[in-house]
Amino acid sequence: MNATNLHLFVLVVPLLSALAINLLGRRSRQWIAPMVLGSLAFSVFGSIIIMARVIEHGNLSYTVGNWRPPYGIELVVDPLSALMMVLISVVALLASFSSLKSVEQELPGREHFFFTLYMILIAGLFGLVLTGDAFNLYVLLEITSITTYGLIAMGRGRAALSSFNYIIMGSIGACFYLLGIGYIYILTGTLNMADIARILPTLNAPVATATAIAFALVGLWVKMAFFPLHSWLPNAYSQAPTGAGTMVAPLMTKVTVYLMVRVILSMYTPALVFTHEWIAQGVVWAAAFAIICGSVLALGQKDLRRMLTYIIVAEVGYMVGGIFLANANGLTGSILHIVNDALMTLCLFLVVAAIIYRQGSVSLVSLQGIFRRMPITMAAFTLGAFAMIGVPPTCGFFSKWYLILGGIDGGHWEFVIALVVSSLINAVLFFRIIELGYFGSLQDGDHHGPPSTERHEAPWWMLSPLVLTAVLLIVVGLSTGPLINNVIRLMIPVGF
Amino acid sequence: MEMIVDEIVAKYNYWIYVVLMMIGFYAMIGKRNLMKKLIGMNIFQTSIILFFVSTGVKKGGGIPIVDKYQALAGNVDAASIVNPLPHVLMLTAIVVGVSVTGVALAVLQRIYREYGTLEEDEILEKLQR
């Protein structure tokens, strides 16, 4: 294995294991777990090595098929994409432990189909953060989306209908992005991101450039469920099989936010995106609106998983707003929040998976007295909830801190207020559940009869990744300083 | 008036792309039948293919098959051949479109088996009951 193209192997190993899982998993179920965990563990080690190397020696690149860039497709690893690779591989590995268990229960006999899609999705996500080619990005975006459609449609009940709505919305998003790329290609005659960033500022075509930027950004906003365009997300994520939700919910929206950062920083260049100040102002206002609306809608939900999906919608508002503040603190906060939010969402969805595995439902009513039945799971839930609210020293506090600093720097008080209000609403949301789970009366139970108080903890396959994620929330929170100095600061463009 | 007509005739392929795109968009948003929504999605994707292919066209352009050594020596006049890259990109986009349509049809089949209809209103009615 050549040291310079290790990042290609990180992408290819999950892809090939997807094929192997389909062929061997058909014969015998016991092949699936070692192959999923083995290839993901390889990806984790590979991406950590790559990250160390990128920080030490600078960017890596790989030319696919020996067609030199800017003509051929280039895979580039810079500090930000290395960070995303580590994040994706760690989240996917932790989620897969839990998924293996819950898929065994929910989709017996169809595990090999599930994990084939699962591994292709992970390979697609790696591709998204690696690629340096604008059109290749579209293709990979569709690969990840198509596998997600399939995974969601495997759920029960309304899942197929939700998946269909997601297909329609997702295709509109992808087509808009493709149109944006079309205009860029007409303008510059190239599809390589670095080349576009070099040529685009030299052209004097403000209207065409603005059209191209607008199409691509709106397309990505649909894909990441930015507030007015979010309607597909809550249904799709809450009706997916539990095993799919634990991986899709933390990663898909976050990687799309990363793509927006990538497109703004490395392709369209910040100078061009933020030329018209009123547009950036408008997007920050929309983000503040998204945060408030997502949080308020979360208040109205009667099911823990649906509540979490609306919190995801609010969190997307945090990150989009942070980027469009167009200052160093806001951008730092957004990139940090991509990492933190992925881990927080993972923690909470692992809790959901564990509870569903034991009692089949996460409606708020069924959570009464849950602390006595599943104490370790709920301890981790409390940590995850603290991170979402933003209690120091969990990681959620630090990214929110940078976002608020960015809001003050940019004079966007509406964004600061939205962040604070959303933290308060999150506190209400989570303390309501903690109260219900801890003090929830056992006598006046609902029509299901009084909930049992017997201790019935989730299996180790689900508990160990959950505890590890909860610990990671604090570890990442405490290592915020080195993370910013060694990785994120390198990505902030000059003059910000 | 004449100027507008001239403008439309001169760039008629781009106008067709916009019209097709709006038809597809309307079908996706406005129609209540899930199959019609899917057809709308296909029209939408087709309009983008038309747009991309239009960008490669040159007046009087020939087939982009050239002698390798002549091309390497720089003896090929770029204006005399059409740009093949948008066509190649659209081959990939067609493949993507076909896969999305395939997945969507499979999902529609599941919906039909579950609810016995593809009308969104009737499905929602059944869900509320």
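Mentor: Radius of gyration here is taken over C-alpha atoms, and the globule rule is 2.2 Å times the number of residues to the power 0.38. This is a predicted model, where local features need pLDDT of at least 70 and side-chain atom pairs pLDDT 80 or more, while totals for chains, interfaces and linings use all residues. Residues are numbered from 1 along each chain as written, and chains are lettered from A and ligands numbered from 1 in the order written.

Trainee: OK. What radius of gyration does chain A have?

Mentor: Chain A has 22 Å, which agrees with the value near 23 Å for a compact globule of 496 residues. Along its principal axes, the C-alpha trace of chain A spans about 75 × 55 × 45 Å.

Trainee: And how many helices and strands are in chain A?

Mentor: Chain A has 20 helices and two strands; these are DSSP runs numbered from the N terminus, H or I over at least four residues for helices, E over at least two for strands.

Trainee: How much of chain A counts as buried?

Mentor: 61% of the 496 residues in chain A. Buried means 20 or more other C-beta atoms, placed from the backbone, within 10 Å of the residue's own.

Trainee: Let's pick one helix. Why is H9(A) largely enclosed?

Mentor: H9(A) runs over residues 232-239, and seven of its eight residues are buried, so the rest of the structure largely encloses this helix.

Trainee: Which residues of H9(A) are buried?

Mentor: Trp232(A), Leu233(A) and Pro234(A), then Ala236(A), Tyr237(A), Ser238(A) and Gln239(A).

Trainee: What do the buried residues of H9(A) pack against?

Mentor: Four helices of chain A: H5 (134-153), H6 (159-188), H10 (242-267) and H13 (304-324).

Trainee: Back to the whole chain. Among contacts in chain A between residues at least 6 apart in sequence, what share joins residues at least 24 apart?

Mentor: In chain A, that share is 79%. A contact is two C-beta atoms, placed from the backbone, within 7 Å.

Trainee: New topic. How many residues of chain A are in contact with chain B?

Mentor: On the chain A side there are 22, in contact with 25 residues of chain B. The elements of chain A that give two or more residues to its side are H5 and H6.

Trainee: Which one gives the most?

Mentor: H6(A) does, with 14 residues on the side of chain A that touches chain B. H6(A) is also one of the helices that the buried residues of H9(A) pack against, as is H5(A).

Key
A residue is buried if 20 or more other C-beta atoms lie within 10 Å of its own, exposed if 12 or fewer, and partly exposed in between; C-beta atoms are placed from the backbone.
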